[in-house]
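Please open the structure in your viewer and keep the sequence panel visible. The tour below proceeds stop by stop, naming what to select and then what is found there.

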Amino acid sequence: MAAQHIFRLAGSARGCASVGCRATWRPSLLRAPGVASRAARIALQPRAFAAAATPSSSSWSTASTAARAPFAELQPADLAFFREKLGEAGVLADGAEEDELRKHNRDWMGKWEGRSRCVLKPASTAEVADVLRYCNSRGLAIVPQGGNTGLVGGSVPVHDEVVLSLLRMTSVEAFDERSGIVTVQSGCVLENLDAYLAERGFMVPLDLGSKGTCTIGGNASTNAGGLRYLRYGSLRGNILGVEAVLADGTVVDSLSSMRKDNTGYGLPQLFIGSEGTLGVITRLTLLVPARPTAINLAFFGVRSYEHVQRTFALARTKLGEVLSAVEFADRAAIDFVLDREAGTGVRDPLEQRYPFYVLIETSGSDEDHDTEKLHRFLEAAMEARGGEADPVVQDGIVAADRAQAKAIWRLREGISDAMTVAGYVYKYDVSLPLPRMYELVEATRARLEAEGFSESTRAAGYGHLGDSNLHLNVTSLVGRDDRLLASLEPWLFEWVAGAKGSISAEHGIGQCKPEFLHLSKSSSAIDLMKLLKRTLDPNGILNPYKVLT
């Protein structure tokens, strides 16, 4: 982004000043964040529970209600086999590695914790096949695991399942710069893959707050969404091929690099989004776009959710093909970030407080063209009328360079982390018809007040407008509260179903939502899912207690 264009937009006679756009950026307002991953940042933050919270971590870990199925128990002979196949570096067992074992047993939020006594780290597809073949014959349950950054407990054991970590399978095996197709092992960290592609002028069509820790295989297994779904679509739509290992050790090679392949069933789609319950993804081929060379970012304050919707509609109309992200957050969500950063020099980038905020990003290859489109959008936003006589956008700023854009993104990306460290957080990831997205936040606050939780909880809403994905977080300021959970569930999921939404927009089902799956899937669809599970994993060893009940 060129500063001269931003200054012309913000202070020109063409009217930007009339909606409060700044002619200059106040660099003290925001600090650009470091590259530490979400999981690492949270691990370093003390949990600010009130005195009512019990300090012991075990008191606020959530155990699944699923009873242990009759799987075999790990024996010394099993460990001997694993060490023979994987070597000492590929096996972590109870004893000297207790701290390391705990990292793989517990999710990054500390909500779910299993009791696995063995973590296996294969370095190749052949080793994954050896492990699964053996475990299937022995009846040992397996939990496939990538970066362990999920939000529904899908990548940690429920009981004592063996953890199969893909973190040693990190190679980018091939990249064709003409077609933009990359072949990569599933344990490659998303940020590392993106850095590899950046050196060649390309990018991963997926951006997540956990990119420094999550893996591309885990992203595929959960069909992760992220911040730029609006521009590049779902990960499912960008994956061309998959290599996966079935429960019996069979390697299914569907690692096509063809964008068009109409030869029977689309087998890769079986494994994408299946959360490791049908097979273990070991390699992928991915279609990646060229990296944009011109990026603009704007941050606006608006008066109502109706204004949020109108801003989004106007952005789609005026920004068209260069629009890459449209995010929103309510004031409560922004306050959590500002409170967490108190004393660091971070302040609200706008002089006035607004009930809602909209972040808009454009990306393309022609800076002058994209800046001009943004300029026209700003003009229209000032002229458009929302509700009464108010313009759609009441106030706003446009980043002058990449560092400042990164700082603005921190306000949006930092919400989940900030609410997590503020207390015990109940996170809900749902999709709803756009006009009804914020109704759920309002209904939740009303319910919390009616049931006596208004003083001990804070609710905030934010998310991706481009795909109608709402993130609703309810933070208990006094630690885990089972009464609060009982008030929220199943009421919240039933509300979503009644609004014809989905109880999981992008986080998956994991061990958190299997009992509510019927609210988003028909009985015939669930029956077919169960049939596929029995067919591909007849002994049920792959990620048991997840997705299906």
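**First stop: Val 425**

Select Val 425, which lies in strand β16 (residues 424-431). Helices (H or I, at least four residues) and strands (E, at least two) are DSSP runs, numbered from the N terminus. This is a predicted model, in which local features need pLDDT of at least 70 and side-chain atom pairs count only at pLDDT 80 or more, while totals for chains, interfaces and linings use all residues. Residues are numbered from 1 along each chain as its sequence is written, and side-chain values use heavy atoms, with hydrogens and water left out.

Is Val 425 buried or exposed? Val 425 counts as buried because its relative accessibility is 3%. Buried means under 20% relative accessible area, exposed over 50%, and partly exposed in between (1.4 Å probe, protein chains only).

Now display the surroundings of Val 425. Leaving aside neighbours within four places in sequence, Val 425 is in contact with Lys 111, Met 419, Thr 420, Asn 473, Val 474 and Thr 475. Contact means heavy atoms within 4.5 Å. Add Met 109 to the selection: Val 425 and Met 109 are 316 residues apart in sequence, yet 8.7 Å apart in space, C-alpha to C-alpha.

**Second stop: the whole protein**

Zoom out to the complete chain. The protein has 19 helices and 18 strands. Of its 549 residues, 59% count as buried. Among contacts with a separation of 6 or more, 77% join residues 24 or more positions apart.

Colour the model by pLDDT, the predictor's confidence in each residue, from 0 to 100. The mean pLDDT is 87, and 87% of the residues reach 70 or more. Then select residues 1-63, over which pLDDT stays under 50. For this segment the model has 158 contacts beyond four places in sequence.

**Third stop: strands β7, β8 and β9**

Select β7 (residues 239-245). Seven of the seven residues of β7 are buried, so this strand is largely enclosed by the rest of the structure. Two strands pair if DSSP finds at least two bridges between them. β7 pairs with β8 in the antiparallel sense over four bridges, and with β9 in the antiparallel sense over six bridges. Individual partners may be picked out: Glu 243 is bridged to Asp 253 in β8, and Val 242 to Leu 284 in β9.

Next, select β8 (residues 251-254). In a regular strand the side chains alternate between the two faces of the sheet. In β8, Val 252 and Ser 254 form the covered face, whereas Val 251 and Asp 253 form the uncovered one. The hairpin of β7 and β8 has five residues between the strands, and Gly 249 takes a positive phi near 95 degrees there.

**Fourth stop: the cavities**

Rolling a probe the size of a water molecule over the atoms shows where empty space is left. On a 1 Å grid over the protein atoms alone, a cavity is a set of points where a 1.4 Å probe fits but cannot get out, and its lining residues have an atom within 4 Å of a point. Grid points are joined across faces, edges and corners, and a volume is the space filled by probe spheres set on the points.

The structure holds four cavities of 30 Å³ or more, and about 800 Å³ of space lies in the largest. To find the largest cavity, select Thr 149, Gly 150, Asn 219, Thr 222 and Ala 224, the closest to its centre of the 45 residues that line it. Which helix supplies the largest share of this lining? Helix α7 does, with five residues.

**Last stop: helix α18 and its ends**

Begin before the helix, at Pro 490, in the loop between α17 and α18. The peptide bond from Glu 489 to Pro 490 is cis, with omega near 10 degrees. Continue to helix α18 (residues 491-498), whose buried residues are Trp 491, Leu 492, Phe 493, Trp 495 and Val 496. The elements that cover these buried residues include β16, α16 (437-450), β18 and α17 (482-488). After α18 comes Lys 500, with a positive phi near 65 degrees.

Finally, select Tyr 545, in the segment after α19 (523-536). Tyr 545 has a positive phi of about 75 degrees although it is not a glycine, and with a relative accessible area of 15% it is buried.

Conventions
1 Å grid on protein atoms, 1.4 Å probe; cavity = no way out; pocket = protein on both sides within 12 Å on 5 of 7 lines; lining within 4 Å.
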